[in-house]
Amino acid sequence: MQQRFFVIGLALLLLLSSASAQFYIMDRHELSIEVDSIGNAEINEKYFLLFQNEQQLADFRQAVSQIGVSLDDWREYDERIFPHIGLEKDLIVSGISFVEEESSLDFLEITYTLKEPIMEKKRETSRVIDYGLKAKFFNEFKDGPVWVIPEGTSISVQLPRGVEINGLVKPESLVEGTNITWKGYASGNELFLEYSFFKQIASFDLSKLISEMMQSDLFWIFVAVAAVIVGVLFLKRKRISGKIESYVISHSDLGGGDED
C-alpha cells in the first residue's frame with residue numbers, strides 16, 4: 001500500500017513539475033508605433049517574460065524554434081501573444097524573435113507593418129496636410145463604448161519630426177515633442193490623435209541637376225549638340241558681330257538722323 005501511494009505521489013510530483021515548467025509570467029507588454037511622413041506605420045510589440053526556472057526558459061526557446069513566425073500558432077501557444085494593432089489580414093509580419101537579456105527581462109518581439117496607412121488625411125492645402133489616427137486599427141483596446149489600455153500595457157506613437165499636434169490627445173497621454181505614450185491603466189470615451197504635417201518648399205539644386213544630367217544616357221548627345229552650336233557661332237562670329245553693330249547704330253543717336 002505504501003508503495004502504491006509512493007508511485008501516485010511521484011506521478012503527481014512529475015505532473016506538477018511539468019505544468020510548472022510551462023508556466024511563465026508576462027511582466028509587461030510594450031507597443032511602439034513609428035509613423036512616417038505619409039502616415040504609414042512600422043509596429044514593434046514586446047512581451048516581457050519572467051521565467052521561474054531554467055526548464056521554463058528551455059521550453060520557451062524550443063517553442064520559438066518550432067513556431068517561428070506563425071501568428072496562429074503563437075496565439076494557440078499563448079492567447080496573449082498576437083499583434084494588437086489591426087487584424088491579421090491587415091498586416092505583414094517582418095519578424096518574430098526572442099531576445100535574452102542578462103541584466104533585464106527576456107522578451108519576445110513581433111515586428112510588422114500595416115498594408116494601409118495608420119493615419120488618414122483630414123484636410124490638405126498647398127502648405128499643410130492634417131492627419132488623424134484611424135481608430136479601426138485599435139479595436140483590440142475597445143471595451144464596448146470605452147477605449148481601455150490595460151494595466152501593464154503601454155503604447156508609444158512616434159510621429160514624424162516637425163509635425164504639430166492638434167488639440168488634446170485622448171485618452172490622456174504623455175506627450176514629449178512628437179512622441180505620444182499611453183500607459184495602462186488608461187481609459188476614455190474617445191480615441192483622438194490629430195497633427196499637421198508641413199510640406200517642404202521645393203528648392204532648385206543646380207549641382208544635383210548637373211550630376212543627374214551627367215549620369216543620363218542623353219548626356220553626350222547634349223554635349224554634341226552644344227559643340228555644334230558653339231562651332232557655328234564661332235564660324236559666323238564676324239557676320240553676327242556686324243549685324244549687332246548695325247542694329248545698335250540704327251537704333252541710337254549715332255544713326256545719322258537730321259539735326260534741327
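Guide: Contact here means heavy atoms within 4.5 Å, and the structure above is a predicted model.

Visitor: Of the contacts in the protein with a separation of 6 or more, what percentage comes from residues 24 or more positions apart?

Guide: The protein has 260 residues, and its secondary structure comes to 6 helices and 14 strands. Among its contacts with a separation of 6 or more, the share that belongs to residues 24 or more positions apart is 59%.

Visitor: Over which residues does pLDDT stay under 50?

Guide: For the protein, the mean pLDDT is 84, and 73% of the residues reach 70 or more. Where pLDDT is low, the predicted coordinates should not be read in detail. That caution applies to a stretch for which the model has 6 contacts beyond four places in sequence, and where pLDDT stays under 50, namely residues 5-21.

Visitor: Which helix gives the most residues to the largest nonpolar core?

Guide: In soluble globular proteins, nonpolar side chains tend to be buried together. The largest nonpolar core in this model has 48 residues, and those with the most contacts inside it include F60, I85 and L108. The helix that gives the most to this core, with 5 residues, is α2, which spans residues 54-67.

Visitor: Leaving aside neighbours within four places in sequence, which residues are in contact with F60?

Guide: F60 is one of the residues with the most contacts inside the largest nonpolar core. Once its neighbours within four places in sequence are left aside, the residues in contact with F60 are Y24, L49, F51, W74, Y77, F98 and L108.

Visitor: E45 is buried yet has no salt bridge, so how many Å away is the nearest side chain of opposite charge?

Guide: E45 lies in strand β2, which covers residues 41-50. Its side chain makes a polar contact with the side chain of H29 at 2.7 Å, and another with the side chain of Y47 at 2.8 Å. A salt bridge would need a side-chain nitrogen of Lys or Arg within 4 Å of a carboxyl oxygen, whereas R75, the nearest side chain of opposite charge, is away from E45 by 9.9 Å.

Visitor: Does H84 count as buried or exposed?

Guide: H84 is found in the loop between α3 (71-77) and β3 (91-99), and its side chain reaches the backbone oxygen of F82 at 2.7 Å. Beyond four places in sequence, its contacts include H29, E45, Y47 and F141. Because its relative accessibility is 10% and the cut-off is under 20%, H84 counts as buried.

Key: Residues numbered from 1 in each chain as written. Predicted model: local features only at pLDDT ≥ 70, side-chain atom pairs only at ≥ 80, totals over all residues. Heavy atoms only, no water. pLDDT = per-residue confidence, 0-100. Helix = DSSP H or I, 4+ residues; strand = E, 2+ residues; numbered from the N terminus. Buried < 20%, exposed > 50% of the residue type's maximum accessible area, 1.4 Å probe, protein only. Lys, Arg positive; Asp, Glu negative; His and termini not counted. Polar contact = N/O pair within 3.5 Å; in protein donor to acceptor, adjacent residues only side chain to side chain. Core = buried A, V, L, I, M, F, W, Y, C linked by side-chain atoms within 4.5 Å.
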